[in-house]
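Here is a short guided report for a first look at this structure. Keep the view open while reading.

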Amino acid sequence: MPETTEPLLSVRDLMVEFPTRRGILRAIDRVSFDIAEGEVLGMVGESGAGKSLTGAAIIGLLEPPGRIAGGEIRLKGQRIDNLPAAGMRRIRGKRIGMVFQDPLTSLNPLYTVARQLVETIRTHMDVTDHEARERAIALLDRVGIPAARRRLDDYPHHFSGGMRQRVVIALALAAEPELVIADEPTTALDVSVQSQIIDLLKEICAERGAAVMLITHDMGVIAETADRVAVLYAGRLAEVGKVADVITNAEHPYTHGLMGSIPTLTQETDRLVQIPGAMPRLNAIPPGCAFNPRCDRAFARCLIERPDLIERPGGRQVACWLYDEAQEVAHG
Amino acid sequence: MHRLARMWDSDIAYSFRRSPVAVIAAVVALVIIAAAVLAPWIAPYNPFDSRSLNLMDGFSRPMEPNAFTGNVYWLGTDNQGRDIFSTILYGARISLFVGFSAVVFAMVLGIGLGLLAGWRGGWVDSLLMRIADVQLSFPSILIALLIFGVARGFIPPSMREEVAIWVLIVSIGLSDWVQYARVVRGATMVEKNKEYVQAARVIGVHPARIVVKHILPNVTGPVLVIGTIGLALAIIAEATLSFLGVGVPPTQPSLGTLIRIGQQYLFSGEWWILLFPSIALLALALSVNLLGDWLRDALNPRLK
Amino acid sequence: MAEALLQIEGLCRYFDVSKPWLNRVLEREERQFLTAVKDVNFEIRRGETFALVGESGSGKSTIAKMVVGLLAASEGRILFDGQEMSGTSGAAMRTLRRRFQMIFQDPFASLNPRWRVGDIIAEPIHTFGLLKGAAIRTRVGELLDTVGLSAADAEKFPHEFSGGQRQRIAIARALSSNPEFIVCDEPTSALDVSVQAQILNLMRDLQDEMGLTYLFISHDLSVVRHMANRIGVLYLGRLVEVAEGKTLFRAPEHPYTRMLLDAVPDLALSGRRRKPVEGEIPNPIDPPPGCPFHPRCPLVMDRCKRETPREVPTATGFAACFALEQETAA
């Protein structure tokens, strides 16, 4: 992707915390990444890694008592993490759209699709009711709902799962946002519908020049859809880089193990790569690198110091001491 | 000890410690319960022993020496010379005994029928729930009265006094089982479809065993909350029935009986016969009720 | 060739989804039936892993439940080691039940939250009266060890374990009666990828050590490819293709299988040209006449709309497709 001078979304040292009675739980611990205009960034991680929380923090929908405890989020240079509720409402929908996982709950079952679309359009754009309806019909048509004009006044339960998710995508794009955050948009769908939805998402965002932050645990979806990928582990970034690079040549030991443990349609090995142990719970993250207990290449420094993202060739970033140039460690 | 420490540190205990209402309610309830249980030892007089009563002691004012006998009673005496304080203690004893037993009876019946209805479904479920619906359309006191009256018809007069308390327990219990049954039925239907029940069925475990050993432990949570509030209601139900004169026999007065007596003499100036038992009943019912409220909120995962 | 441990013949299952009688009378509606499974035939040989793969509405979970006796078959026969399942009951059924077990999809719901792990694992042992007293404790300890946990875990409750660990407990429970055959209903779908790898490896190791036979239900084609010797593809309750593992992926015969394989987002094949997928799965209450796949099939002919295709033998199995019939005839 052509590098613009300023990224569309810039996240720096984001920290999200949950105060509990046993102390403060840090769910996201100094995460930094950028999304360029029009690019698709995949955010991948296992459950509990914090990917959904990152999306929620960006769009300002963190559920209390969770809160942003530090860092900055900038949308085209403007800070959005410290806006008051009214300011965030203007951003949400107009400049950042969201596609949630479960279309059953993200559409209000009591309102027609027309009402939900028109309401969103009119909230963020200065158009008449009639114009908003026409836009809504055009949107539904674009996302592949047959007979859009007629179906506009149907209720969500009249649509099948895949159709509903298309409506949700239409809703997210109704106000022409610059960034769309999609949180597990295909997880609840059948395989054949999944491919239709991710193709649609990719096309329609490319058309409108909207960037996409695609949050998922499914590396296959990322492989087909994203330009770059950010791998989260226990609330920290392990690796960021171009999708093809990361998949074929993962540098962080966790990413490497992860890629090896995913069964594919073409592999010839009999045993899947197995990373011993499990991701630590948020209240039991070991000191130093969070992955060190499970890493077969850990050494002394990994147990004491937490690695920050180290710049690597080709736009890659890895949070691993193996790649610290000051360290004379032979690897490969 | 380690287990107690873990319980103290648990989420429920924490929520309890943090809620002043719960703590006060618990203290009040415990005090009353303890006093009632220990009544035979701490009450200065035995109000049930008719021979010890002296009519001349009647209508003594609280803390004032009696005009005739010179005895001082903390809370005064009633029309028959019974010490109000002692009668409250013994009366609370009866109220608590009847209340607990009625609730236990209603729980056993309600849980049993709820499990049956939830597990079997179909016509068994429909039948039981229709019976429950019919019963719910009658006020519970009326049902208790009805059962009480019917029982009286069957029991010969000589036995009435001994059996009165058990009839009372059964009638209050029978008027109350529906809420337990409904809750348990709903929870059973949810649990029945869960995979651990299916796993047991695949193994071939007998359905009765599945219901008792697998489902029952998982549906009793809300029952506890209803039970606590049900206890308060049962206590009040007993008081109501005794107030109406169809509860405990007059020789074993409960709080309700005292309130009835006190009501008769309220306007002739002997206010203490009504006031103190009423306060005792109020305190008991309210504290149990508040404990139940707190328990329900503490156990509700959504409010966390 | 190993003999068949499980044989399924003409299996059908219908569900009555009609509205209550009064509604039907008032609204003048017919009774409605959902055909979840129709005319399914396959067999599973001793020691192999047979996978049933399909999307929602394919009937794979329904078949799994019928095989273990949780649901009755509407039509057809299920034969376990030559013995028919539907007729048996009582003591004979109990002897049969000892020989198979089931692992479920949701590791959080498949273990009773109020029971200790040791009791959960020992339940089959108790039910079948296999051991008594201290021997049970020892056995439970051994089983926990086999699945990669420790004997001390028997005293804990399920909520103290992670999803992957709970699934190991479920596997230990399934193994406790020494079964020959285990039905696995989406055992790793609810688990993270790296945990899934651990569980799949464990299942394969156990199969090698104990000579187990698996019926593996999944919607994830890559997992199925890794685990299964033979695979059956279901569409709307019908078995459209059966083939040997890798062959299915190298040379799929049925148009639906081809469409499915094309649609899977895959790590290694990213960037390949994909044909866009047509349509969605139809409503199982009102399936299309003839071949259920015909509205979406690129090879559709007139015949497909009227008749249901028969099973046409292929290199390693069969496929139910008229287009194939023509090819082989030609």
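## Strand 10 of chain C

Strand 10 of chain C and strand 12 (residues 318-320) of chain C pair in the antiparallel sense, over 2 bridges. In that pairing, Glu241(C) faces Ala319(C) of strand 12. This is a predicted model.

Strand 10 of chain C also has a partner in strand 9 (residues 230-235) of chain C. These two run antiparallel and are joined by 6 bridges. One bridge pair is Arg230(C) with Glu244(C), the latter in strand 10. Strands 9 and 10 of chain C form a hairpin, with 2 residues between them. In the turn, Leu236(C) has a positive phi of about 50°.

Is strand 10 of chain C enclosed by the rest of the structure, or open? It spans residues 238-244, and 6 of its 7 residues are buried, so the strand is largely enclosed.

## The sheet of chain A

Chain A holds an open sheet of 8 strands. Their order is 6-7-8-3-9-10-12-11, and the pairing is mixed. The edges are strand 6 (96-99) and strand 11 (310-312) of chain A, each paired on one side only. On average, neighbouring strands of this sheet are turned by 20° against each other, direction ignored.

Within the sheet, strand 10 (residues 236-242) of chain A meets strand 12 (residues 316-318) of chain A. They run antiparallel, and 2 bridges join them. Here Glu239(A) has Val318(A) of strand 12 as its bridge partner. Helix 1 (residues 51-59) of chain A packs on the sheet. It touches strand 3 (40-44), strand 6, strand 7 (179-183), strand 8 (211-216) and strand 9 (228-233) of chain A. The direction of helix 1 makes about 145° with that of strand 7 of chain A.

## Backbone details in chain A

Which peptide bond is cis? It is the one from Pro64(A) to Pro65(A), with omega near 10°. Pro65(A) sits in the loop between helix 1 and strand 4 (67-75) of chain A.

Arg30(A) has a phi near 55°, a positive value in a residue other than glycine. It belongs to strand 2 (residues 23-35) of chain A. Arg30(A) counts as partly exposed because it has 17 C-beta neighbours inside 10 Å. Glu176(A) also has a positive phi, near 55°. It lies in the loop between helix 7 (161-173) and strand 7 of chain A. With 15 other C-beta atoms within 10 Å, Glu176(A) is partly exposed.

## The helices of chain B

Chain B has 14 helices and 0 strands. Its C-alpha trace spans about 80 × 50 × 30 Å along the principal axes. Of its 304 residues, 43% are buried. Take the contacts in chain B with a separation of 6 or more: 69% of them link residues 24 or more positions apart.

Helix 3 (residues 20-37) of chain B has 18 residues. From first C-alpha to last it reaches 25 Å, close to the 26 Å expected at 1.5 Å a residue. Where do its buried residues Ala22(B), Ala25(B), Ala29(B), Ile32(B) and Ala36(B) lie around the axis? They cover an arc of only 110°, which puts them on the same side of helix 3 of chain B. An α-helix has 3.6 residues a turn, so residues three or four places apart point the same way. The face turned away from the buried side of helix 3 of chain B carries exposed residues: Pro20(B), Val27(B), Leu30(B) and Ala34(B).

Technical notes
Residues numbered from 1 in each chain as written. Chains lettered and ligands numbered in written order. Predicted model: local features only at pLDDT ≥ 70, side-chain atom pairs only at ≥ 80, totals over all residues. Helix = DSSP H or I, 4+ residues; strand = E, 2+ residues; numbered from the N terminus. Expected span 1.5 Å × (residues − 1). Arc of directions from axis to C-beta. Buried ≥ 20, exposed ≤ 12 C-beta atoms within 10 Å, placed from the backbone. Contact = placed C-beta atoms within 7 Å. Pairing = 2+ DSSP bridges. Axes fitted to C-alpha atoms, helices over the stretch in contact; angles between N-to-C directions.
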